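Biologist: Hi! Could you walk me through this one?
Modeller: Sure, have a look here.

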Protein chains: 4
Amino acid sequence: MKKKFTEKQIHILDVAEKLIAKKGFEGTSVRDISTKANINVAMISYYFGSKEKMMSHLYQYRVQKTRESFAEFAETIKEGKPEMQMKELVKYVVNQLFKFNYFHGFVTQELRHTEHLKEDLLDFYNTFTHKIDDVTKKGIASGVFHHAPKPEDLLTLIIGSALFAIRNKNFYSLYVPGKEENYLQEAEKKILASLLVTVFSTLGYQPN
Amino acid sequence: MKKKFTEKQIHILDVAEKLIAKKGFEGTSVRDISTKANINVAMISYYFGSKEKMMSHLYQYRVQKTRESFAEFAETIKEGKPEMQMKELVKYVVNQLFKFNYFHGFVTQELRHTEHLKEDLLDFYNTFTHKIDDVTKKGIASGVFHHAPKPEDLLTLIIGSALFAIRNKNFYSLYVPGKEENYLQEAEKKILASLLVTVFSTLGYQPN
Amino acid sequence: MKKKFTEKQIHILDVAEKLIAKKGFEGTSVRDISTKANINVAMISYYFGSKEKMMSHLYQYRVQKTRESFAEFAETIKEGKPEMQMKELVKYVVNQLFKFNYFHGFVTQELRHTEHLKEDLLDFYNTFTHKIDDVTKKGIASGVFHHAPKPEDLLTLIIGSALFAIRNKNFYSLYVPGKEENYLQEAEKKILASLLVTVFSTLGYQPN
Amino acid sequence: MKKKFTEKQIHILDVAEKLIAKKGFEGTSVRDISTKANINVAMISYYFGSKEKMMSHLYQYRVQKTRESFAEFAETIKEGKPEMQMKELVKYVVNQLFKFNYFHGFVTQELRHTEHLKEDLLDFYNTFTHKIDDVTKKGIASGVFHHAPKPEDLLTLIIGSALFAIRNKNFYSLYVPGKEENYLQEAEKKILASLLVTVFSTLGYQPN
DNA sequence: GATGAATGAGTGTTCATTCAT
DNA sequence: AATGAATGAACACTCATTCAT
């Protein structure tokens, strides 16, 4: 079931997403959002009912967007070999995280009345889990993979590493080449390379 | 340089740490802390200067504590073989994260005036990086490891995965056996097992 | 001079009257009214200019209605003896108050720009005063009444008592028989009986 | 059980009482109160918890005060004859109403969570009811009164009339001599005179 | 050294009203 | 003639902090 958002609502959600990513839900005031979005303070309540409900809509919006993107992506790799599919899958997930890491950021915070939000996200993660499982099994069948780690552990590895690199810039940037302003791009490359090695090692990859 | 904290300060920091872990920095008021700690509201400002400076002291306190713990731990494994050392190292790091995950939790939030905090934490992570690097090299030298992944990537893998499992209970608990109230214990076991496989795979471990 | 109200306006006023009676002028929002009346929020401003002006129109509307009703009533008693007229008059006034007490309720609140409203009401009360005076004098002339209290004091007695019984349900209901949900009906009976005794005593009533 | 209020609290309550009397509970903002009382806005929440709880304290304060005053008054008339006692009682009640009419004003408004407030007031009114009943019976016994109207009806008569005169200045002032600024004093005299006649008539008063 | 009282800035939300259509 | 979107002002309240003692 696809929820419709008006252009204005999307505009607000976009602004809110970035601010909340940077300063957290509690750290971001509706006045911050409204100022940055060039709208009236009252609009957040007006459009979404409350700050917290806005958060709820934000989740739905982001999950929906990502799901659409993933469906498209899945189509592009459906013809390839398992090893290619796995590589592209890792690439895709890492890329999404670097694009929308803030979204995953505030998931962790304990929000009240957000049970169904968490279900949205759960559902969302499971999309990846299933895909990873499929590809792993196909790889084992075709003889390129020799181990079948639990898909949820693989996903945890990928998402956890990416998010950690994103959020702990102070630490990880020490090992990332290039200028500070390119940190995210360079970090993505580095963590992706590392993850591919790790994932393929764990799968016991042997080219045919 | 070791900072001294009075008993009262430590008491406040202990209470604050737990509350902040649960509700976030902004979500935790100084009144919450002072009520729970049975002290006067004014004490936080009085002892630490401000709520934010208290945060700063909290970092120092936790880093200091962990450093002491780590020094002790390092002593216990210094005689073993590299593969044992690596295993224990992973175990130790994961265990620390499960114990003090909240601490790492709020690292990510963009606090103002916290540059030196971040340095503390950086320094702290590097302690692990160096140890991982040492053990990896020793393992390569002794012929049990055949690849030398970047230590910062290994650490990222370990910390990232553990924190993700901790924070995304909704997702990960689906795959964790046992009762909900034992989630953390069971999740620690599961993620540790997974990480050991992954780390040793990545290191190209081959027993002599 | 009779003001004309459109059907829609009357509909809004009816809804508003009830809500304001229950929750007070300030306690009733234009959204409450518009929701209950199934009209657009903007309609109140659109039809009446403002919430406060709507109030003004509400007064006029209620005064006008009551005046019409009173004229009708006066007709029905014009042939009777003074004692019967007085009794019916008290009954009529008490009945009106129990029907439209809310209307008198919000009279007391200090509204801004309401001078002419008050005049409406004043005029309205004076209708009764004059009638009471007439009947009193006729009763004295016919020898059934022996005192002539000031008509405004008699009216004050009647209106004050009725309103107090209506508004201080908590107190008065202690002495009123029957179920809570019939309070108003029972209270009306009781206060009416009491007032008749009091009024006739004060008039020094002696049947011919 | 006597609740203690600090001087500052009493100061706030005094200011609040007057404002609320004039503009109603909803019509009076905490800013109005704090401005007039020359205190910080936050003080109302600080001292009383919330605006509504302040209201609760206001009731208690006023009831307590009046109860003290009444105990004192009762002492002064305990030696007199019933007719004198009744006269003084009416005088006292009317006087209290003119002094603290605003207090009775907002009783009527439907406040949430104020059940126990209403009980306070109920209890308070009953103090008068019982006294009226006592004096009536004594008067009947001593042969000066010949009717025994229900005490609650007598009280309703007195309070209702006084409050109506106070609140409907526009109407009642037409019949009150003297300047506008002396309205309350003159109205008190007039309504008292009227009430004494009415009450004694109703009691069937005959001097021995 | 420690505290209770007090403060001013800021919070999210609701309000009556306006405006473009 | 009527409305849905939008607004700015006001709302009650909470915050971290200060200050007099």
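Biologist: Which surface do the copies meet through?
Modeller: The copies meet through the same surface, because 100% of the interface residues of chain B are also interface residues in chain A. Contact means heavy atoms within 4.5 Å.

Biologist: Is this predicted or from an experiment, and how are things numbered?
Modeller: This is a predicted model, where local features need pLDDT of at least 70, side-chain atom pairs count only at pLDDT 80 or more, and totals for chains, interfaces and linings use all residues. Residues are numbered from 1 along each chain as its sequence is written, chains are lettered from A and ligands numbered from 1 in the order in which they are written, and side-chain values use heavy atoms, leaving out hydrogens and water.

Biologist: What turn lays chain B on chain A?
Modeller: A turn of 179 degrees with a shift of 0.1 Å along the axis does it, giving an RMSD of 0.4 Å. That is the relation of a two-fold axis. The superposition is by least squares on the C-alpha atoms of residues with pLDDT of at least 70 in both copies.

Biologist: Which C-alpha of chain B is nearest the axis?
Modeller: That of Gly160(B), 2.0 Å from the axis.

Biologist: New topic: how many helices and strands in chain A?
Modeller: Nine helices and zero strands. Helices (H or I, at least four residues) and strands (E, at least two) are DSSP runs, numbered from the N terminus.

Biologist: And how much of chain A is buried?
Modeller: Buried residues make up 51% of its 208 residues; buried means under 20% relative accessible area, with a 1.4 Å probe and protein chains only.

Definitions and conventions: Buried means under 20% relative accessible area, exposed over 50%, partly exposed in between (1.4 Å probe, protein chains only).
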